[in-house]
Amino acid sequence: MGIDSVQADEDRDATPEEIARIKQVLAGEGCSLDDDDDVEFYLNRNLYEVDDAICSDGKIYEIYLDQNFNIISKRQDD
């Protein structure tokens, strides 16, 4: 059993700088987040996951961004 199996699921909270950048991107899409703890960075996939983003349509979304802060997925949270 190697280290790879442990690293496969590693994630971390986004840094304050990353969160600030993500908030800028979300604002450009008419979305925001209430809680900075809703942003995680998945090391093995090099992407950010934003849970519970509230968008201008009043709905809540789960949004994924790549490591360059480009939105790659946005789906309504059930």
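This is a short tour of the structure, one selection at a time.

Before you click, know that this is a predicted model, where local features need pLDDT of at least 70, side-chain atom pairs count only at pLDDT 80 or more, and totals for chains, interfaces and linings use all residues. Residues are numbered from 1 along each chain as its sequence is written, and side-chain values use heavy atoms, with hydrogens and water left out.

**Stop 1: the core**

Select Ile-22, Leu-26, Val-39, Tyr-48, Val-50, Ile-63 and Leu-65. These are the residues with the most contacts inside the largest nonpolar core, which has 17 residues. Four elements each supply at least two residues of this core: α2 (16-28), β3 (39-42), β4 (47-55) and β5. Helices (H or I, at least four residues) and strands (E, at least two) are DSSP runs, numbered from the N terminus. A nonpolar core here is a set of buried Ala, Val, Leu, Ile, Met, Phe, Trp, Tyr and Cys residues joined through side-chain atoms within 4.5 Å. Buried means under 20% relative accessible area, exposed means over 50%, and partly exposed is in between (1.4 Å probe, protein chains only). In soluble globular proteins, nonpolar side chains tend to be buried together.

Now keep just Leu-26. What does Leu-26 touch, not counting residues up to four places away in sequence? You should find Cys-31, Leu-33, Val-50 and Ile-63. Contact means heavy atoms within 4.5 Å.

**Stop 2: the disulfide**

From Leu-26, hop over to Cys-31, one of its contacts. The structure holds 1 disulfide (a pair of cysteine sulfur atoms within 2.5 Å). Cys-31 and Cys-55 form it, with their sulfur atoms 2.0 Å apart. Cys-31 sits in strand β2 (residues 31-32) and Cys-55 in strand β4, so the disulfide ties together parts that are 24 residues apart in sequence. Look along the S-S bond: the torsion is about 100 degrees, so this disulfide is right-handed. Are the two cysteines buried or exposed? Cys-31 is buried at 5% relative accessibility, and Cys-55 is buried at 6%.

**Stop 3: Glu-62 and its partners**

Next, select Glu-62 in strand β5 (residues 60-66). Why does Glu-62 count as buried? Because its relative accessible area is 11%, and the limit for buried is under 20%.

Show the side chains around it. Glu-62 makes a polar contact of 3.2 Å with the side chain of Tyr-64. A polar contact is a pair of N or O atoms within 3.5 Å; within protein, one must be able to donate a hydrogen and the other to accept it, and residues adjacent in sequence count only if both atoms are side-chain atoms. Another polar contact, of 2.7 Å, joins the side chains of Glu-62 and Arg-75.

Glu-62 and Arg-75 also meet in a salt bridge (2.7 Å, N to O). The pair links distant parts of the chain, with Glu-62 in strand β5 and Arg-75 in strand β6, 13 residues apart. Arg-75 is partly exposed, at 44% relative accessibility.

**Stop 4: the other salt bridges**

How many salt bridges are there? The count comes to 3, where a salt bridge is a side-chain nitrogen of Lys or Arg within 4 Å of a carboxyl oxygen of Asp or Glu.

Select Asp-36 and Lys-23, whose side chains meet in a salt bridge (2.9 Å, N to O). Asp-36 lies in the loop between β2 and β3 and Lys-23 in helix α2, so this pair ties together parts that are 13 residues apart in sequence. Then try Glu-18 and Arg-12, joined by a salt bridge of 2.9 Å, N to O. Glu-18 is buried at 12% relative accessibility, while Arg-12 is partly exposed at 30%.

**Stop 5: a charge without a salt bridge**

Go back to strand β5 and pick Asp-66. Asp-66 is buried yet has no salt bridge. Which side chain of opposite charge is nearest to Asp-66? That is Arg-21, 8.8 Å away (Lys and Arg count as positive and Asp and Glu as negative; His and the chain ends are not counted). Leaving aside neighbours within four places in sequence, Asp-66 is in contact with Asn-46, Leu-47, Tyr-48 and Ile-72.

**Last stop: Gln-76**

Finish on Gln-76 in strand β6 (residues 71-76). Gln-76 is partly exposed, at 42% relative accessibility. Draw a distance from its C-alpha to that of Tyr-61: the two are 15 residues apart in sequence and 4.3 Å apart in space.
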